[in-house]
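Q: Pick one part of this and walk me through it closely. I'd like to know what surrounds it, what it packs against, and how far to trust the coordinates.

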Amino acid sequence: MLNKFFDFLKGYVIIEISGKNYERFLNICLGKKIPIRTTKPCKGGVVISVGRSDFKRLRGIARDCGVRVRILKKCGIYHFVRKYRHRYVFLVCSVISFLLLFVTSSYIWTVEIHGAKPGDIPMLSQMLRDNGVFVGAKKRDIKDIYAIKNDIINHTDGIAWLWVYLDGTKADVRVLNRRTVDNMIDISKPCSIVSTAEGIIKSVTVKAGETALKAGDAVFKGDTLISGRVRAFKEGSAENYMYVHALGEVYAYTVHKKTVRQKLYTVKEECQKEHKKYYTLELFGKKYNLYGRKRVNYQTYRTEKYLHELKMPFTGYAGIGILCENYIKTNRIKNPISEELAFDMARDRLEEEICSALGIKSEKLDEKAGYRKISDDEIEVECTVSFIENIGTKEPIRSEEIEQYGDTDAAGA
Amino acid sequence: MKRLKERFADSFSVSREAVTDDAHITMAGNSEIYIENYRGIIEYKQDIIRLFIKDGVLLIEGRGLLIQSLRPEDIFIRGAVSRVEFFNI
């Protein structure tokens, strides 16, 4: 690799050797320690590439061997400079272009925010602007990326972590949103445990709170299983309750039923040779469509997007890029499948849907599945699965009720 | 003399081709051949390459054979090699 680079710097010549004794020519070159890079046989001879300095020594060898030497191409920096040495305007323009690129690459031209919720983007942009990260800002003015990160993380509620990468003229901001657990209730606040599904109670374990349920009882969705309202009065005296954070597990036999329609064929999209390419020029954060209106007349097509960014050595992304959108025509091919296969596919999907909604420690007891044909190319599949599962979920007790009836003691009943 | 060189190489754990000038041939699958200690090229075409090595001729047959690098001490050939044969002279 390094040798190729030096060859390119020093310049090399691609020549065609033709005649009867070209093998002899190669052997003499080797004997005189002339390194030959790529060789390729051609009609009546061979094409080789030799260094610029070695080329001068070939003339005598060619004469001795009786072969003809013809230059096909001159390559490398040396030949390039030699060719354009009198084109002063070209030279000046090249220097100006390079200078412009280096000057423009010291500014930020694009700020990209990834992973943030759409509602958070204006607020994040403003915070980045306050910290000096905005379109048109000088890169050298942004000194402490860590301070920017810490400032945004500490002053924003919904963001768990944030990264700011400076890649050339692009500021790439990646956001990781804080995850919130919906079912989580503060342990110091009173709550009850209610049912999430209908079923027959198998076992009840109460750690805090009060329940009237026993094994064999039927419950419906939304019924209170373990109440956070605990009686704190003797019979005959005034009603007084203690409100606690209910804790416990309620296992019940439940039945989940789901139906889905399944086609009796699968659809495969096959790419055709026809395709259309549209290019968009990305210039310092702004996009310019090079083809006017995009017209894709294909009925079905697949889209592929590539972004080619101009990256300068040492400075990275220079703010110029070409976005290529390739629209490939596709044909939709229907492959018929048997009713049994369609049934199996739909059942697997239904099982996955049902099981993904279950909590931990759930136990599958039984499964029944069946199907009926509703048209020539469609069946309806029904899947019924019975489980033993924990059906309890926490629900906070309304504050008005607590104020009306009594005390709270979230530490336990 | 050759026997003596071989015995010397064996007793000092030196590779034989370093002492005896025998050709050292390395193949990577059937797409690359690297030959050290060759003497010269006898024939070079897209489907056949014949090399002169010590004590004989090495024949390489295949499709699209291409000499990638040609130096006095080694030669690197690329292409779909189908046969490698050695002829004693």
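**A close look at helix α2 of chain A**

A: Let's come in from the N-terminal side: helix α1 of chain A is followed by Gly11(A), which has a positive phi, near 95 degrees. Keep in mind throughout that this is a predicted model. Helix α1 covers residues 2-10 of chain A, and the count of buried residues among its nine is zero, so α1(A) lies largely in the open.

The part I'd zoom in on is helix α2 of chain A, residues 22-31. Here the burial count goes the other way: seven of the ten residues of α2(A) are buried, so the rest of the structure largely encloses it. The buried ones are Tyr22(A), Glu23(A), Phe25(A), Leu26(A), Asn27(A), Cys29(A) and Leu30(A). Glu23(A) is worth a click, as a charged residue on that buried list.

So what's doing the covering? From chain A, the cover over the buried residues includes strands β1 (12-18) and β3 (45-51) plus helix α4. Chain B joins in too, with its own β3 and β5 among the covering elements.

Take α4(A) to begin with, which spans residues 58-65. Two packed helices are described by the angle between their axes and the distance between the axes. For α2(A) and α4(A), the axes come within 10 Å and cross at roughly 140 degrees. Roughly antiparallel would need an angle over 145, and the two helices therefore count as oblique to each other. The crossing of α2(A) and α4(A) is right-handed.

Residue by residue, α2(A) brings Arg24(A), Phe25(A), Ile28(A) and Cys29(A) to the contact, and α4(A) answers with Ile61(A), Ala62(A) and Cys65(A). Sorted by class, that makes six nonpolar residues, one charged and no polar. The spacing on the α2(A) side is handy to look at with helix geometry in mind. An α-helix has 3.6 residues a turn, so residues three or four places apart point the same way. Phe25(A) and Cys29(A) turn up twice, as part of the α4(A) contact and on the list of buried residues.

Now the chain B side. Across the interface, 14 residues of chain B are in contact with 13 residues of chain A. On the chain B side, the elements giving two or more residues are β3 (38-44) and β5 (56-70). By class, the chain B side splits into seven nonpolar, four polar and three charged residues. The β3 and β5 strands of chain B are also among the elements covering the buried part of α2(A), so if you're looking into the interface, this helix is a sensible place to park the camera.

Go past the end of α2(A) and you reach Lys33(A), where phi is positive, near 60 degrees. Lys33(A) sits in the loop between α2 and β2 (39-42) of chain A. Most residues other than glycine have a negative phi, and most peptide bonds are trans. Lys33(A) has its positive phi although it is not a glycine. Is Lys33(A) buried or exposed? Lys33(A) is exposed, because 11 other C-beta atoms lie within 10 Å. Over in chain B there's a similar backbone entry: Asp55(B), also not a glycine, has a positive phi of about 70 degrees. Asp55(B) is in the loop between β4 (48-53) and β5 of chain B. With 13 other C-beta atoms within 10 Å, Asp55(B) counts as partly exposed.

Some wider context: chain A has ten helices and 22 strands, and buried residues are 20% of its 413. Chain B has two helices and six strands, running α-α-β-β-β-β-β-β from the N terminus.

Finally, trust. Chain A averages a pLDDT of 85, with 96% of residues at 70 or above. In chain A, β1(A) has the highest confidence, at 92, and β22(A) (residues 406-408) the lowest, at a mean of 56. Chain B also averages 85, with 90% scoring at least 70. Its low point is helix α2 of chain B (residues 16-20), at a mean of 67; don't mix that up with the α2(A) discussed here. Where pLDDT is low, the predicted coordinates should not be read in detail. For the model overall, ipTM is 0.76 and pTM is 0.46.

Methods. Residues numbered from 1 in each chain as written. Chains lettered and ligands numbered in written order. Predicted model: local features only at pLDDT ≥ 70, side-chain atom pairs only at ≥ 80, totals over all residues. pLDDT = per-residue confidence, 0-100. Helix = DSSP H or I, 4+ residues; strand = E, 2+ residues; numbered from the N terminus. Buried ≥ 20, exposed ≤ 12 C-beta atoms within 10 Å, placed from the backbone. Axes fitted to C-alpha atoms, helices over the stretch in contact; angles between N-to-C directions. Parallel < 35°, antiparallel > 145°, perpendicular 65-115°, else oblique. Left-handed = near helix turned anticlockwise from the far one by under 90°. Contact = placed C-beta atoms within 7 Å.
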